[in-house]
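Biologist: Please pick one part of this model and go through it closely. Start from the side-chain pairs if that helps, then work inward.

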Amino acid sequence: MPVEGIDARQIEAFNKEYAASPANFTLGLESRAIWEGRGLGNLGKVGRWSLGGQTMEKPTRDFSVQLGSWKEVGDALGVEGADDRLEPVEAALLGLSSCVTEAIVLNCARKRVSPEQVEVKARVQLDPGPITGAKDPSDWDKTVKSVDVDVTVRGDISEKDRAVIEEGARRSPVHYMFGRTGLLKTKFQYKK
């Protein structure tokens with residue numbers, strides 16, 4: 001098993017079933033955020049989803065995440081009772097880095113490459129002016145220069161393995177979505 005915990009034969013079987021009927025495997029995904037009624041706090045909810053048009057709803061699959069802002073930003077903006085929460089841009093970057101990691105590992109399992117460690121970091125420099133009203137929303141075009149993704153892979157990685165790893169990153173749907181912005185810059189680093 002090139003990647004512990006992933007059966008490459010099962011991936012091949014899945015791909016055969018998918019090739020025979022791709023519509024049966026279309027994923028319908030959604031999330032929602034509910035404002036908590038004061039300050040910048042909101043509750044992010046993920047739960048039901050669909051596979052091939054069939055809704056998958058389970059009582060045990062009801063995930064909630066408290067989102068908002070950093071205490072210091074809330075204080076500076078005059079938010080009463082500001083506290084530290086996962087900020088939505090951080091959540092988006094976390095989704096990007098996690099999805100790239102999963103896509104790389106899945107591609108490695110499928111192509112029988114055995115990395116020892118995969119770490120993906122996503123970063124952005126952000127001017128808050130457009131969100132606070134100090135600047136026009138069109139200013140995002142001037143202030144958001146890039147979304148940087150750094151992939152570090154450890155192990156005995158050959159040139160052929162590197163191609164598999166880099167292909168894996170391109171297989172990430174979140175990487176693709178961010179890439180459509182023209183802001184995404186992905187770098188790869190390999191270490192023994």
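Modeller: Helices here are DSSP runs of at least four residues, numbered from the N terminus. Bear in mind that this is a predicted model.

Take helix H2 as a warm-up. H2 spans residues 71–77, and both Asp75 and Lys71 lie in it. They are 4 residues apart, about one turn of the helix. Their side chains meet in a salt bridge, 2.9 Å from N to O. Neither partner is hidden: Asp75 is partly exposed at 42% relative accessible area, and Lys71 is partly exposed at 36%.

Now the main part, the sheet. It is open and has 3 strands, in the order E7-E8-E9, with mixed pairing. E7 covers 117–124 and E9 covers 184–191; both stand at the edges. Each has a single partner strand, so one side of each is left without a neighbour in the sheet. Neighbouring strands are turned by 15° against each other on average, direction ignored.

Look next at how E8 and E9 meet. E8 holds residues 147–154, runs parallel to E9 and is joined to E9 by 8 bridges. For one position, Thr152, the bridge partner in E9 is Gln189.

Two helices pack on this sheet. H3, residues 88–111, touches E7, E8 and E9. The direction of H3 makes about 150° with that of E7. H6, residues 159–170, touches E8 and E9. The direction of H6 makes about 150° with that of E9.

What lies inside? The largest nonpolar core has 24 residues. Within it, Leu96 and Ile104 have the most contacts. The elements giving two or more residues to this core are H3, E7, E8, H6 and E9. Those are the three strands of the sheet and the helices H3 and H6 that pack on it. H3 gives the most, with 7 residues. In soluble globular proteins, nonpolar side chains tend to be buried together.

Ile104 shows the packing at the level of one residue. Neighbours within four places in sequence are left aside here. What remains is contact with Val118, Val151, Ile165, Gly168 and Ala169. Place these by number. Val118 falls in the range of E7, and Val151 in that of E8. Ile165, Gly168 and Ala169 fall in the range of H6.

Back outward, to charge on the sheet. Lys121 and Glu119 meet in a salt bridge, 3.9 Å from N to O. Lys121 is partly exposed, at 49%. Glu119 is partly exposed too, at 37%. Both numbers lie within E7, an edge strand.

Another pair is less even. The side chains of Lys142 and Asp139 meet in a salt bridge at 3.6 Å, N to O. Lys142 is exposed, with a relative accessible area of 54%. Asp139, at 10%, counts as buried. Here the cut-offs matter: buried means under 20%, exposed over 50%.

Some charges form a group. Arg110, Lys111, Glu167 and Arg171 are joined into one network by salt bridges that share partners. Arg110 and Lys111 fall within the range of H3, and Glu167 within that of H6. The structure as a whole holds 17 salt bridges. Side chains of opposite charge can pair when their charged atoms come close.

How values were computed
Residues are numbered from 1 along each chain as its sequence is written. This is a predicted model: local features need pLDDT of at least 70, side-chain atom pairs count only at pLDDT 80 or more; totals for chains, interfaces and linings use all residues. Side-chain values use heavy atoms; hydrogens and water are left out. Two strands pair if DSSP finds at least two bridges between them. Axes are lines fitted to C-alpha atoms, for helices over the stretch in contact, and angles run from 0 to 180 degrees between N-to-C directions. Contact means heavy atoms within 4.5 Å. A nonpolar core is a set of buried Ala, Val, Leu, Ile, Met, Phe, Trp, Tyr and Cys residues joined through side-chain atoms within 4.5 Å. Buried means under 20% relative accessible area, exposed over 50%, partly exposed in between (1.4 Å probe, protein chains only). A salt bridge is a side-chain nitrogen of Lys or Arg within 4 Å of a carboxyl oxygen of Asp or Glu.
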